[in-house]
Number of protein chains: 2
Amino acid sequence: MKPKVSVFIATSLDGYIARPNGDIDWLDAANATVPDGEDCGYDALIRTVDVLVMGRKSYEKVLSFGSWPYGGIPVTVMSRNPIAFPDSLPKTIQHSSEQPQKLYERLAREGVSHVYIDGGNTIQRFLAAGLVDELTITIIPVILGDGIPLFGPIASDLSLTCVGAKAYDFGFVQLRYTVPR
Amino acid sequence: MKPKVSVFIATSLDGYIARPNGDIDWLDAANATVPDGEDCGYDALIRTVDVLVMGRKSYEKVLSFGSWPYGGIPVTVMSRNPIAFPDSLPKTIQHSSEQPQKLYERLAREGVSHVYIDGGNTIQRFLAAGLVDELTITIIPVILGDGIPLFGPIASDLSLTCVGAKAYDFGFVQLRYTVPR
């Protein structure tokens, strides 16, 4: 069976996932306005995820938070070069230098059923390779003017099916799309 | 009284209002799937508009459609250089070489109460000048990968208030924001 590949990410209204230098202070500030216990569906997603795939930059960003937020969820970090993972990290974290298609095929052979893709560059590479099934984008009500964009170049138009749009009282809007494969 | 300034525009999910060369074939194709009589609120907006402001590029694009779609609604075309309007256009079309702030102040003095800003560059200039009160963005379910972006650089973060999010059966999502002034 083919694994399902999900993207679940927040952007500014102008489509940035971080400032030019990677800062997400604007997202932290927005999250501080969210009522306790509301996670906009993140926990429900993560409970169904078999493997979380991210790029080296996202990995280093997460490492900088001090505590590893993913528990024992298998995490694969994509990077051309090997990564020396600190001993403090769970043994479920792995490195892959494969291209998205190869990584996807290997995960499929390993019986993985749900892959969560995180990080701007990694999301762009999986989208460009036609490997994303579902996109959940939470739009934060702020315009940043510049930053690291969620989307990048693709070879041809990608038509989507909108399967949900939810406005939260605190101003976030969550859009859900599926991608025909 | 200060005029209200509205933006009402469609973008791809990746935030483009047109392809790199200005083409909106993807938008025309999407609009062809919209049921007859559904205009996503455009007519309700345009009936309250006193002046429509656009840039020279948008004006030339609209001219290329062959028939002028705005009837007798006063239209102001912003352009550094004078524009020779064809005699076939309504006499309510004007040229302005003013900067956004100056144009806004003049319209205020003239008693205008609602200004509709159209066209990517013009919207960016009014946003950057802090002159936009309301943004209605209709997101078309397609990723283009490249194009003319709705948003551009701004001097500092612009926090918005989300006042609506509507998902249409045909896959469009319309987001409405107000901008605190």
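## Exercises on a two-chain predicted model

Strand E4 (residues 75–78) of chain B pairs with E5(B) in the parallel sense over four bridges; strands are DSSP runs of at least two residues, numbered from the N terminus, and two strands pair if DSSP finds at least two bridges between them. This is a predicted model, in which local features need pLDDT of at least 70, side-chain atom pairs count only at pLDDT 80 or more, and totals for chains, interfaces and linings use all residues. Residues are numbered from 1 along each chain as its sequence is written, while chains are lettered from A and ligands numbered from 1 in the order in which they are written.

**Exercise 1.** Determine the bridge partner of B:Val75 in E5(B), and place both strands in their sheet.

*Solution.*
- Step 1: B:Val75 has B:Ile93 as its bridge partner.
- Step 2: The open sheet of eight strands has the order E5-E4-E3-E6-E1-E7-E12-E11 (chain B), and its pairing is mixed.
- Step 3: Strand E5 (93–96) and strand E11 (161–167) of chain B each have a single partner strand, so one side of each is left without a neighbour in the sheet.

**Exercise 2.** Describe the side of chain A that touches chain B.

*Solution.*
- Step 1: Count the contacts, where two residues are in contact if their C-beta atoms, placed from the backbone, lie within 7 Å. On this basis, 25 residues of chain A meet 25 residues of chain B.
- Step 2: Strand E8 (142–143), strand E10 (158–159), strand E11 (161–167) and strand E12 (173–178) of chain A each supply at least two residues of this side. E11(A) gives the most, with four residues.
- Step 3: Sort by class, with Ala, Val, Leu, Ile, Met, Phe, Trp, Tyr, Cys and Pro as nonpolar, Asp, Glu, Lys and Arg as charged, and the others, Gly among them, as polar. The side has 17 nonpolar, five polar and three charged residues.
- Step 4: Find the strand pairing across the chains. Two bridges join E10(A) to strand E8 (residues 142–143) of chain B, and the two run antiparallel. In E8(B), A:Ser159 has B:Val142 as its bridge partner.

**Exercise 3.** Establish how chain A can be laid on chain B.

*Solution.*
- Step 1: Superpose the copies by least squares on the C-alpha atoms of residues with pLDDT of at least 70 in both.
- Step 2: A turn of 180 degrees and a shift of 0.0 Å along the axis lay chain A on chain B with an RMSD of 0.0 Å.
- Step 3: The two copies are therefore related as by a two-fold rotation axis.
- Step 4: The same surface serves both copies, since 100% of the contact residues of chain A recur in chain B.
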